[in-house]
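Please open the structure in your viewer with a cartoon representation and keep the selection panel at hand. The tour proceeds by selections, each followed by a description of what is there.

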Amino acid sequence: MSVVVAVKPSARKRNAKVGRLVFEDGTEHAFESRAAAERWADDLSTGDGHVWVASAHPRDDGDADLYLVSRATNAKLEAAYDKRRRRLRGGPAPEQESLGSQS
């Protein structure tokens, strides 16, 4: 029995190897098992953006049994969030007050 993996845009955007693979071989790839597809995803993740296989949605009408996906993020936005979170945790008294507060 073969398992068909469809490459999702998030994986192509996050991992250059996946983008090159899609360009050369298309968006669907067949494997003998889910375990083989997971090993493939692990190999693609080595040294590049992390990708993994996830079960295809049951209502998906395509041929795919699994999706190759990634968490497409904007690292700059995540870093800004982390900086703000650290600043808010840092001091005992808040630096900002609400509009209706009395000073």
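The stops below go from the whole chain to the sheet, then to the helices and to two single residues.

**The whole chain**

Begin with everything selected, and bear in mind that this is a predicted model. Four helices and four strands make up the secondary structure, and along the sequence they follow the pattern β-α-α-β-α-β-β-α. The protein has 103 residues, of which 28% count as buried. A surface display would cover about 7,800 Å² of accessible area, with 51% of it belonging to carbon and sulfur atoms. For a contact map, take the contacts with a separation of 6 or more: 55% of them join residues 24 or more positions apart.

**The sheet**

Next, select the four strands, which form an open sheet in the order E2-E1-E4-E3 with mixed pairing. Which strands stand at the edges? They are E2 and strand E3 (52-55); each has a single partner strand, so one side of each is left without a neighbour in the sheet. On average, neighbouring strands are turned by 35° against each other, direction ignored.

Now restrict the selection to E3 and E4, whose pairing is antiparallel and runs over four bridges. Within this pair, Ala54 is found opposite Tyr67 in E4.

Add the helices that pack on the sheet. H2 touches E1, E2 and E4, and its direction makes about 95° with that of E2. H3 touches E1, E2, E3 and E4, and its direction makes about 145° with that of E3.

**Helix H2**

Select residues 16-25 and show side chains. The buried residues of this helix are Val18, Leu21 and Val22. Looking down the axis of H2, one finds these buried residues within an arc of 100°, so they line one face of the helix. What covers the buried residues of H2? The cover includes E1, helix H1 (9-14), strand E2 (28-31), H3 and strand E4 (66-69). Rotate the view to the face turned away from the buried side, where the exposed residues Phe23 and Glu24 are carried.

Both ends of H2 merit a selection. At the N-terminal end, Asn15 acts as a cap, with a side-chain oxygen 2.9 Å from the backbone nitrogen of Lys17. After the helix comes Gly26, whose phi is positive, near 95°.

**Val4 in strand E1**

Move to residues 3-7, which form strand E1 and contain Val4. Is Val4 buried or exposed? Its relative accessibility is 18%, and because buried means under 20%, Val4 counts as buried. To display its surroundings, leave out residues up to four places away in sequence; Val4 then touches Glu28, His29, Ala30, Asp63, Ala64, Asp65 and Leu66. A distance label may also be drawn from Val4 to Ser33: their C-alpha atoms are 9.0 Å apart, while 29 residues separate the two in sequence.

**Ser45 in helix H3**

For the last stop, select residues 34-45, the extent of helix H3, and pick out Ser45. Ser45 is buried, at 13% relative accessible area. Which residues does Ser45 touch, not counting those up to four places away in sequence? They are Asn15, His50 and Val51. Asn15 thus links back to an earlier stop, where Asn15 caps the N-terminal end of H2.

Methods:
Residues are numbered from 1 along each chain as its sequence is written. This is a predicted model: local features need pLDDT of at least 70, side-chain atom pairs count only at pLDDT 80 or more; totals for chains, interfaces and linings use all residues. Side-chain values use heavy atoms; hydrogens and water are left out. Helices (H or I, at least four residues) and strands (E, at least two) are DSSP runs, numbered from the N terminus. Buried means under 20% relative accessible area, exposed over 50%, partly exposed in between (1.4 Å probe, protein chains only). Contact means heavy atoms within 4.5 Å. Accessible areas come from the Shrake-Rupley method with a 1.4 Å probe; for residues, only the protein chains shown count as cover. The arc is that of the directions from the helix axis to the C-beta atoms. A polar contact is a pair of N or O atoms within 3.5 Å; within protein, one must be able to donate a hydrogen and the other to accept it, and residues adjacent in sequence count only if both atoms are side-chain atoms. Two strands pair if DSSP finds at least two bridges between them. Axes are lines fitted to C-alpha atoms, for helices over the stretch in contact, and angles run from 0 to 180 degrees between N-to-C directions.
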